[in-house]
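The following exercises ask you to read strand pairing and charged contacts from a structure. Work through each task before turning to its solution.

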Amino acid sequence: MRLTVIGTGYLGAVHAACMAGVGHDVLGVDVDAEKVMSLAKGRPPFYEPGFEDVLTQALATGRLRFSTSLRDAAVHGEVHFICVGTPQQAGSQAADLRYVDAVVDGIAPHLPASCLVVGKSTVPVGTTERLANRIAGLAPVGVRAEVAWNPEFLREGFAVEDTLRPDRLVVGVTSPEADETLRQVYAPMLEAGVPYISTDPNTAELVKVAANSFLATKISFINAMAEVCDAAGADVVTLADALGHDARIGRQFLNAGLGFGGGCLPKDIRAFSARAQELGVGPVVDFLDQVDEINQRQRTRTVALARQMAGGDLTGRRVTVLGATFKPNSDDVRDSPALAVATALHRQGADVRVHDPQGAANAQRAHSELRCTSDLLTACEGAEIVLHLTEWGQYCEVDPAKLARVVRERVLVDGRNALLHDKWRAAGWTVRALGRPTSSARQSDAKARQHLRATIASPVAELDRAAAMAPAQPTSGA
């Protein structure tokens, strides 16, 4: 089939290349001419494992091209996928749909024949109906340009796998013809046994925001338990393991630590809450505000723990932050919890060095006040405190004895509860993590825990929290 994919960020570029890879004739479209040129030459403008190979193979077949013209897209496609970003509105929790609307306004006047416009972006419930009316009034073919919604469930770092072998496909359609068209688009996945859920557009739109809200809630729940464990002297990792054995709960997303970030979960739960308010059912999702607050609080708690390990004052202390991206296997630093902590430490007077295997350049562009590098030993040289804040696999493989030779003091704060603490302690490191007691912590009385709680509640910590909640500058694309 002839497909267009409009918006070539993480979602769109991967979708376009993968659809061409399974046999469709695909035109990718973006307003960013530099990005279009880079993709057309087989050079991804972002890091995503496995994507460069998929892109170059798709280009080699001749089934994948890129353009900046919506007119070209309108003429080319039988199915048009909208994959642009829906960031948080400035000064509001609601989703900003200006890019989705711009695509519709740009392509609709050029639609020459019956087609299907399919949204993949995360949008408030009711968007499909609104866009269908908009297209019907603008397109020469009127209502023969049908609209459907097919939410994406990509995880950055696994985007290729999630596109080619998704755990489910959800489509929101208003006619059997639209459903059949999408079945043809995804025929290779359906033949492989991928579950296919066909429903109405409103339900399809809700599936994505509901899924993200559930995941966010699960993460914030275990982080709330980590704070209880700090107060009680208990171990949140053992607690999570015990909970995870219950099949009704499961162990995934029960990893206590710095919390979630990125371009999806934070803004999606806020947009869901805002839309529920518009629908008159805001109180039933008020708990999402608590989920958001707990998540942001983890950043403040991590800063407080680092300050405690520095003796109560970070001024002039050299601090190394391991990780700049919001998650591993990505170069995306949008709303990165690691960078939120790094900048808060900098504001408190610390000399902060940030290491990341893939995101150092993006982090440096976003935060010129920090010193960012992709060389681990350089980042750790002379460090008095090391904070592990993004769980890249290579950090788990670091030899703590080797690292000990370049730091000034062997102090580690594991903000992700992902390192082997006994291994680090055996190499002479003092290790602390939220929700994790140490032998020394057990021997101390409640005074230390009271000190940490008092530090978190201090006016300085509240300033850290306010700064950490400020939206990060988004990268271009979806």
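Two strands count as paired if DSSP finds at least two bridges between them. Strands (E, at least two residues) and helices (H or I, at least four residues) are DSSP runs numbered from the N terminus. The model is predicted, with local features needing pLDDT of at least 70 and side-chain atom pairs counting only at pLDDT 80 or more, while totals for chains, interfaces and linings use all residues. Residues are numbered from 1 along each chain as its sequence is written, and side-chain values use heavy atoms, with hydrogens and water left out.

**Exercise 1.** Determine which residues stand opposite V386 in the strands that pair with strand 12.

*Solution.* Begin with strand 9 (residues 318-322), which pairs with strand 12 in the parallel sense over 4 bridges; here T320 has V386 as its bridge partner. Then turn to strand 13 (residues 411-414), which is also joined to strand 12 in the parallel sense, over 3 bridges, and in which L412 stands opposite V386.

**Exercise 2.** Decide whether the residues on the two faces of strand 12 (residues 385-388) are buried or exposed.

*Solution.* Apply the cut-offs: buried means under 20% relative accessible area, exposed over 50%, and partly exposed in between, for a 1.4 Å probe and protein chains only. One face carries I385 and L387, the other V386 and H388, and all four are buried, so that both faces of the strand are covered.

**Exercise 3.** For the salt bridges of D162, R183 and R353, find each partner and compare the accessibility of the two residues.

*Solution.* A salt bridge is a side-chain nitrogen of Lys or Arg within 4 Å of a carboxyl oxygen of Asp or Glu, a rule that gives a count of 30.

- D162 meets R155 at 2.9 Å, N to O; D162 is buried because its relative accessibility is 12%, whereas R155, at 39%, is partly exposed.
- R183 meets D179, with the closest N and O atoms 2.8 Å apart, and both residues lie in helix 8 (residues 176-185), 4 residues apart, about one turn of the helix. R183 has a relative accessible area of 34% and is therefore partly exposed, while D179, at 13%, is buried.
- R353 meets D351 at 3.3 Å, N to O; here the arginine R353 is buried at 12%, and the aspartate D351 is partly exposed at 21%.

**Exercise 4.** Which residues are linked with D101 in a network of salt bridges?

*Solution.* The network links D101 with D105, R130 and R134.
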